[in-house]
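Reader: Hi! I'm new to reading protein structures, and I'd love a close look at one part of this one. Could you walk me through it?

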Amino acid sequence: MVSRRLSQEAGHRRKFLAVIDGTPECERAVAYAARRAHNTNGALVLVFVMEPGDFQHWLGVEQIMREESEAAANEALNSHAERIRGTLGIEPELVVREGKKTDEIHALIEEDQDIAILVLAAGSSSEGPGPLVASVAGKGAPFPIPVTVVPASLTDEDIESLA
């Protein structure tokens, strides 16, 4: 169960959440979420979740790996943010979390009561839509807010006409 959304109340704006994860389809989700936020006077949140299993080493090595992973996460977020600022003139909110991806997305949604829509993109490979889309559509814990799944095959022109 998720707390009540505040995006329709005075002083709040509906936020679209997109996950930055390095997959090819991630770009399509970000493009759609950014365009929807722009067209509806909403806001955009980009989240990068670092998996905790990557840091199970000796203490010194673990700290170095965590710092490198966080730097890579910030670089990925900033790259997307620059593109969004340049094309749409909106300032996305950037979030880095560490943990299991679905757990951290749920936690972020619970913490930020303005997040009203999660935007994901389905992969176009024969292996399926991608692990995050599969977890949302699968038998795991349902997401507490609406989820928009964007086909990875959409062009920028398609996204602009749909968003």
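How many salt bridges does the count come to? And please show me some of them up close.

Author: Happy to! Keep in mind that this is a predicted model. The count comes to 10 salt bridges. Side chains of opposite charge can pair when their charged atoms come close.

Let's begin with Asp112 and Lys15, whose closest N and O atoms are 2.7 Å apart. This salt bridge ties together distant parts of the chain, 97 residues apart: Lys15 belongs to strand E1, while Asp112 sits in the loop between helix H3 and strand E4. Are these two partners buried or exposed? Asp112 has a relative accessible area of 12%, so it counts as buried, because the cut-off is under 20%. Lys15 is also at 12% and is buried.

Next come Glu104 and Arg97, with 2.9 Å between their closest N and O atoms. Glu104 is buried at 15% relative accessibility, and Arg97 is buried at 14%. Back at Lys15, shared partners join Lys15, Glu93 and Asp112 into one salt-bridge network.

One more pair takes us to helix H1. Arg35 meets Glu160 in a salt bridge of 3.8 Å, N to O. Here Arg35 in helix H1 is linked to Glu160 in helix H5, 125 residues apart along the chain. Glu160 is partly exposed, with a relative accessible area of 48%, whereas Arg35 is among the buried residues of H1. That helix is mostly covered, with 10 of its 14 residues buried.

Key. Residues are numbered from 1 along each chain as its sequence is written. This is a predicted model: local features need pLDDT of at least 70, side-chain atom pairs count only at pLDDT 80 or more; totals for chains, interfaces and linings use all residues. Side-chain values use heavy atoms; hydrogens and water are left out. Buried means under 20% relative accessible area, exposed over 50%, partly exposed in between (1.4 Å probe, protein chains only). Helices (H or I, at least four residues) and strands (E, at least two) are DSSP runs, numbered from the N terminus. A salt bridge is a side-chain nitrogen of Lys or Arg within 4 Å of a carboxyl oxygen of Asp or Glu.
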